[in-house]
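The paragraphs below lead the reader through a structure, from its pockets to its cores and loops. Please keep the sequence and the model in view while reading.

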Amino acid sequence: MKLYVYLRWQLCPFEKISEFVPREGKVIDIGSGYGLLANYLALTSEEREVVGVDASVKRITIALRTIGASRGIQFLVQDVRRPTFINFSTIVTSDFLHHIPFTDQEDLLAYIFKRLPNRGRLIILE
């Protein structure tokens, strides 16, 4: 697990992704896994409210341990093909889509697009 986290941190451009995420507003990280990106987004701006969702109980359990006293971040176990959307201004998915079948990818992107507010942002890294 520690090796995975180290390699993920080294290989994923979290800083670059963060540049595209507004410094304030509600952000949902779909397929958040262990919560590395969600934590980074929450820690780099106190004005962000970040929710990480993943279908893996194991990964979300580990992500929940990373929160500590931090505010503005939460993790939820959800069917990532139909995450709960409540007024999110930014939707992020990072290295996640390839884990679900192509038809589910299409359905998820259509579902997201319908729920994205005007001037909302969808950030995909794959």
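In this predicted model, the lining of the largest pocket comprises nine nonpolar, seven polar and five charged residues. These 21 lining residues include Tyr 4, Gly 31, Gly 33, Asp 54 and Arg 59, which lie nearest the centre of the pocket. Two helices, H1 (2–11) and H3 (36–43), each contribute at least two residues to this lining. The space within the largest pocket amounts to about 370 Å³. Rolling a probe the size of a water molecule over the atoms is what reveals where empty space is left.

The second largest pocket holds about 160 Å³ of space. Its lining has three nonpolar, five polar and three charged residues. Helix H3 provides the largest share of this lining, three residues. Among the residues that line the second largest pocket are Asn 39, Ala 42, Leu 43, Arg 48, Thr 66 and Ile 73.

From the pockets the account passes to the interior. The largest nonpolar core has 18 residues, and those with the most contacts inside it are Ile 17, Val 21, Val 50, Ile 73, Phe 75 and Val 92. Helix H2 (14–20), H3, H4 and S3 are the elements that give two or more residues to this core. The largest share of the core, five residues, comes from H3. Val 50 illustrates how distant parts of the sequence meet: with neighbours within four places in sequence set aside, Val 50 is in contact with Val 27, Ala 38, Leu 41, Ala 42, Gly 72, Ile 73 and Gln 74. Apart from the largest core lies another, of 15 residues, which includes Val 51, Val 80, Phe 96 and Leu 116.

Which residues of helix H4 are buried? In H4, which spans residues 57–65, they are Ile 60, Ile 62 and Ala 63. Viewed down the axis of H4, these buried residues fall within an arc of 160°, and therefore they line one face of the helix. An α-helix has 3.6 residues a turn, so residues three or four places apart point the same way. The buried residues of H4 pack against strand S2 (48–54) and strand S3 (73–77). On the other side of H4, Val 57, Lys 58 and Arg 65 are exposed.

The loops also merit attention. Arg 82 is located in the loop between S3 and strand S4 (90–94). With a relative accessible area of 44%, Arg 82 is partly exposed. When neighbours within four places in sequence are left aside, Arg 82 is in contact with Asp 107 and Tyr 111. Between Arg 82 and Asp 104 there are 9.8 Å in space, C-alpha to C-alpha, while the two residues are 22 residues apart in sequence.

Two further loop residues have a positive phi. Asp 95, in the loop between S4 and helix H5 (102–115), has a phi near 50°, a positive value in a residue other than glycine. Its relative accessible area of 26% makes Asp 95 partly exposed. Arg 119 lies in the loop between H5 and strand S5 (121–125). The phi of Arg 119 is also positive, about 65°, although Arg 119 is not a glycine. Is Arg 119 buried or exposed? With a relative accessible area of 85%, Arg 119 is exposed.

How values were computed. Residues are numbered from 1 along each chain as its sequence is written. This is a predicted model: local features need pLDDT of at least 70, side-chain atom pairs count only at pLDDT 80 or more; totals for chains, interfaces and linings use all residues. Side-chain values use heavy atoms; hydrogens and water are left out. On a 1 Å grid over the protein atoms alone, a cavity is a set of points where a 1.4 Å probe fits but cannot get out, and a pocket is an open set with protein on both sides within 12 Å along at least five of seven lines; lining residues have an atom within 4 Å of a point. Grid points are joined across faces, edges and corners, and a volume is the space filled by probe spheres set on the points. Helices (H or I, at least four residues) and strands (E, at least two) are DSSP runs, numbered from the N terminus. Ala, Val, Leu, Ile, Met, Phe, Trp, Tyr, Cys and Pro count as nonpolar, Asp, Glu, Lys and Arg as charged, and the others, Gly among them, as polar. Buried means under 20% relative accessible area, exposed over 50%, partly exposed in between (1.4 Å probe, protein chains only). The arc is that of the directions from the helix axis to the C-beta atoms. Contact means heavy atoms within 4.5 Å. A nonpolar core is a set of buried Ala, Val, Leu, Ile, Met, Phe, Trp, Tyr and Cys residues joined through side-chain atoms within 4.5 Å.
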